[in-house]
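The following exercises train the reading of a protein structure step by step. Please study the sequence and the model before attempting each task.

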Amino acid sequence: YSKEFYKITFSSCGCNIGFLNSNCNTSLCFGILSNSSTVCTSHGQCLGPDQCHCDAGYSTSQCSSYTCFGLPHNNGAVCSNHGDCNSLDECQCETNFLGETCSLTTCFSVLSNSSNVCSGHGSCMGYNQCDCQGHYSSADCSVTTCHGISSINSQVCSSHGQCIDYNHCECDPEFSGANCSI
C-alpha cells in the first residue's frame, strides 16, 4: 500500500482588499505604492489603503498641507502678511522684509525692532514708514520743535544751540536759558 503526498503551492496569497504583492504587505495610498518615497506626498507613511500618517507639521488625508510657525501655509496671515510659506516653517519674504517670519523691515536702514528706529521717536510700520510719537514729525521722526520753532530751522534755540528734544535746547557754551537767548 503506497501513499502519495502532493505539495500544493500558490502563486499569490489571498490578500485583504487594498493590500498586494506576494506577502500582502504593500498597499496603495491614493494610487501610490506604500513603499514609494513619494507616498503621502513624501511627508508621511502609508499605514494601509488610503491611510496616511503624517509627519509633524503636515496634515490632510495625503499629508499635503503644512504649517508655518503654527499657521496653515495658505492662511492669509502666514509669514506676517509679508511673504509666502513654501515649505514647513520656511517663509520666503517679500522685498524689504526679513526675519524667520518676515516680521522685520527697516526704516531708513534701521531694523524695525531696534530702539533707535524712527530716530527713537516712533514705530516702524512698514518699509521706510515711521509712525511718529508726540511732538515728532518728518519721514524718520527726527524733527521736533523748541519753543514753537522747528528743530531744523536755523533760528531754533535763538541760533545759539541745538534743539535736542521737544522744547529742550542744548545751548552753545557761552549761552543759556530755555531757548539759549541769555
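Four exercises with worked solutions follow; the model is predicted.

**Exercise 1.** Determine the strand order of the open sheet that contains β1, β2 and β3, and explain why one side of β1 and of β3 is left without a neighbour.

*Solution.* Step 1: the open sheet has three strands in the order β1-β2-β3, and the pairing is antiparallel. Step 2: β1 (19-20) and β3 are the edge strands, and each has a single partner strand, so one side of each lacks a neighbour in the sheet. Step 3: β2, residues 26-29, is joined to β3 by two bridges. Step 4: within this pairing, L28 has L33 in β3 as its bridge partner.

**Exercise 2.** Establish whether L33 counts as buried, partly exposed or exposed, and name the surface patch to which L33 contributes.

*Solution.* Step 1: L33 is located in strand β3, which covers residues 32-33. Step 2: the relative accessibility of L33 is 38%. Step 3: buried requires under 20% and exposed requires over 50%, with partly exposed in between. Step 4: L33 is therefore partly exposed. Step 5: together with L20 and L28, L33 makes a nonpolar surface patch of about 210 Å².

**Exercise 3.** Describe the hairpin of β9 and β10, and state which residue between the strands takes a positive phi.

*Solution.* Step 1: β9 spans residues 83-87 and β10 spans residues 90-93; the two strands pair in the antiparallel sense over four bridges. Step 2: in this pairing, D84 stands opposite Q92 of β10. Step 3: two residues lie between the strands of the hairpin, and D89 has a positive phi near 55 degrees.

**Exercise 4.** Find how many aromatic pairs the whole structure contains, and classify the arrangement of the rings.

*Solution.* Step 1: a search of the whole structure yields one aromatic pair. Step 2: this pair is formed by Y58 and Y66, with 6.0 Å from centre to centre and 55 degrees between the planes. Step 3: planes under 30 degrees apart count as stacked and those over 60 as edge-to-face, while the rest are tilted. Step 4: the pair of Y58 and Y66 is accordingly tilted. Step 5: as regards accessibility, both Y58 and Y66 are buried.

Notes: Residues numbered from 1 in each chain as written. Predicted model: local features only at pLDDT ≥ 70, side-chain atom pairs only at ≥ 80, totals over all residues. Heavy atoms only, no water. Patch = residues over 30% accessible without salt bridge, like charges linked within 9 Å, V, L, I, M, F, W, Y side chains within 5 Å. Areas by Shrake-Rupley, 256 points an atom, 1.4 Å probe, with all protein chains shown as cover. Salt bridge = Lys/Arg side-chain N within 4 Å of Asp/Glu carboxyl O. Buried < 20%, exposed > 50% of the residue type's maximum accessible area, 1.4 Å probe, protein only. Pairing = 2+ DSSP bridges. Phe/Tyr/Trp six-rings, centres within 6.5 Å; stacked < 30°, edge-to-face > 60°.
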